[in-house]
Amino acid sequence: VEFYETDNRGINQVAGLKTRGGASRGFQQKGLKLVARETYGIKRFYYRFFEDTKLAKFKHLSLKPFRCSNWVTTGGQEYLCQKTAHNLNAESLAIRQVALFINGEYWGIYSLEETFDEFYLEDHFNVNPDSCNILKYFGVPEHGSSSSMWQLRQWLLSVSLSDSANYEYISNVFDIGNFIDYWLFEIFACNVDWPANNSMCWQEIGSKWHCNLYDLDGCFVDENFDGFGNAIDTIGAFPASNAVCTLLFRKLLESESFRSDFRARYYELKQDYLSYSRMHGYLQDSVDQVEGEIPSQAERFG
């Protein structure tokens, strides 16, 4: 894999390549993942790819295609969302736009970004990969074990968080500030492909659970989408939602303390990081990066 900046800085090393993602596998532009391994010669990609993090070593990198699903034909949702979320109290991924060539053949516009996994936690937070749990859909193990989460879920089904003692307990299990920013952003951005898909949380064993934002291509595609209804769905009325994945949020809404903090944080964010002026700046940044490449992308992929 070779990576070139416009001034010729970059990397050149042997690495692994695999396909990634779901919907993108059905399109000409495939989701891809780059893997550094010591058996290939170098165990990390040692380079500062992203302006949003000072980190200069990465085990895995993702390449997300400009056209990745049936509902997103414009491209740029992932870039806009990750840039916006970088300011929030929820883990997000550093990202930049690139043009990809495979064996010298032009393959269009991609977003190069970090991959969220145990190595991300190791490099960003010094978490031992063998001492963390990463779950999809708030219960399916991606790494480690899901047993503590399912025990928590069983407890939640038997109590009310309107009881301040119960809410205090859950506050010691979940990072509530992180949880609020995570759910607020997904609701605000009207993610049509969440939370029964593209949701992930993690913990260092013995510490609080956190949520992280990833695969946000389903955001900002339907202005009439009921983001809040999707986040509290219990009957499968929304294609990518269900009672299992909305349980934690619905139970937290039983607490007046949580509802008050949730409302206050929303009003704070909509005046700042989720304001039009802030987000328009990120959108314009995305346009400026890819505008010159659009004719080539369109010629290659329609």
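**Exercise 1. Charges over rings**

Find where the charged end of Arg 153 sits in this predicted model.

*Solution.* Start from the ring of Trp 150: the charged end of Arg 153 sits over that ring, 5.0 Å from its centre. A second case involves Lys 59, which lies over the face of Phe 119 at 5.6 Å from the ring centre.

**Exercise 2. Classifying aromatic pairs**

Decide how the rings of Phe 50 and Phe 58, and then those of Phe 138 and Trp 183, are arranged.

*Solution.* Step 1: planes over 60 degrees apart count as edge-to-face, and planes under 30 degrees apart as stacked. Step 2: Phe 50 and Phe 58 have 85 degrees between the planes and 5.5 Å centre to centre, an edge-to-face pair. Step 3: the planes of Phe 138 and Trp 183 are at 25 degrees, with centres 5.9 Å apart, so this pair is stacked. Step 4: Phe 138 lies in the loop between strands E8 and E9, and Trp 183 in helix H5, so the pair ties together parts 45 residues apart in sequence. Step 5: Phe 138 and Trp 183 both belong to one aromatic cluster, which also includes Phe 174, Phe 249 and Phe 258.

**Exercise 3. The largest nonpolar core**

Identify the helix that gives the largest share of the largest nonpolar core.

*Solution.* Step 1: the largest core has 44 residues, and Phe 174, Phe 179, Trp 183, Phe 249 and Phe 258 have the most contacts inside it. Step 2: the elements that each supply at least two residues include H1, H5, H7 and strand E11. Step 3: H5 gives the largest share, eight residues. Step 4: for one of the central names, Phe 249, the contacts beyond four places in sequence include Phe 179, Trp 183, Phe 258 and Phe 262. Step 5: apart from this core lies another, of 20 residues, among them Leu 32 and Phe 50.

**Exercise 4. Strand E11**

Are the residues on the two faces of strand E11 buried or exposed?

*Solution.* Step 1: side chains alternate between the two faces of the sheet in a regular strand. Step 2: on one side of E11 are Trp 209 and Cys 211, on the other His 210 and Asn 212, and all are buried. Step 3: E11 runs antiparallel to E10, joined by four bridges, and Gln 203 stands opposite Trp 209.

**Exercise 5. Tyr 110**

Establish whether Tyr 110 is buried or exposed, and what its side chain reaches.

*Solution.* Step 1: the cut-off for buried is under 20% relative accessible area. Tyr 110, in strand E7, has 1% relative accessibility and therefore counts as buried. Step 2: its side chain reaches the backbone oxygen of Lys 30 at 2.9 Å.

Note on methods:
Residues are numbered from 1 along each chain as its sequence is written. This is a predicted model: local features need pLDDT of at least 70, side-chain atom pairs count only at pLDDT 80 or more; totals for chains, interfaces and linings use all residues. Side-chain values use heavy atoms; hydrogens and water are left out. Buried means under 20% relative accessible area, exposed over 50%, partly exposed in between (1.4 Å probe, protein chains only). Two strands pair if DSSP finds at least two bridges between them. A nonpolar core is a set of buried Ala, Val, Leu, Ile, Met, Phe, Trp, Tyr and Cys residues joined through side-chain atoms within 4.5 Å. Contact means heavy atoms within 4.5 Å. A polar contact is a pair of N or O atoms within 3.5 Å; within protein, one must be able to donate a hydrogen and the other to accept it, and residues adjacent in sequence count only if both atoms are side-chain atoms. Rings of Phe, Tyr and Trp (its six-membered ring) pair if their centres lie within 6.5 Å; planes under 30 degrees apart count as stacked, over 60 as edge-to-face and the rest as tilted. A charge sits over a ring if NZ of Lys or CZ of Arg is within 6 Å of the ring centre and within 35 degrees of the ring normal.
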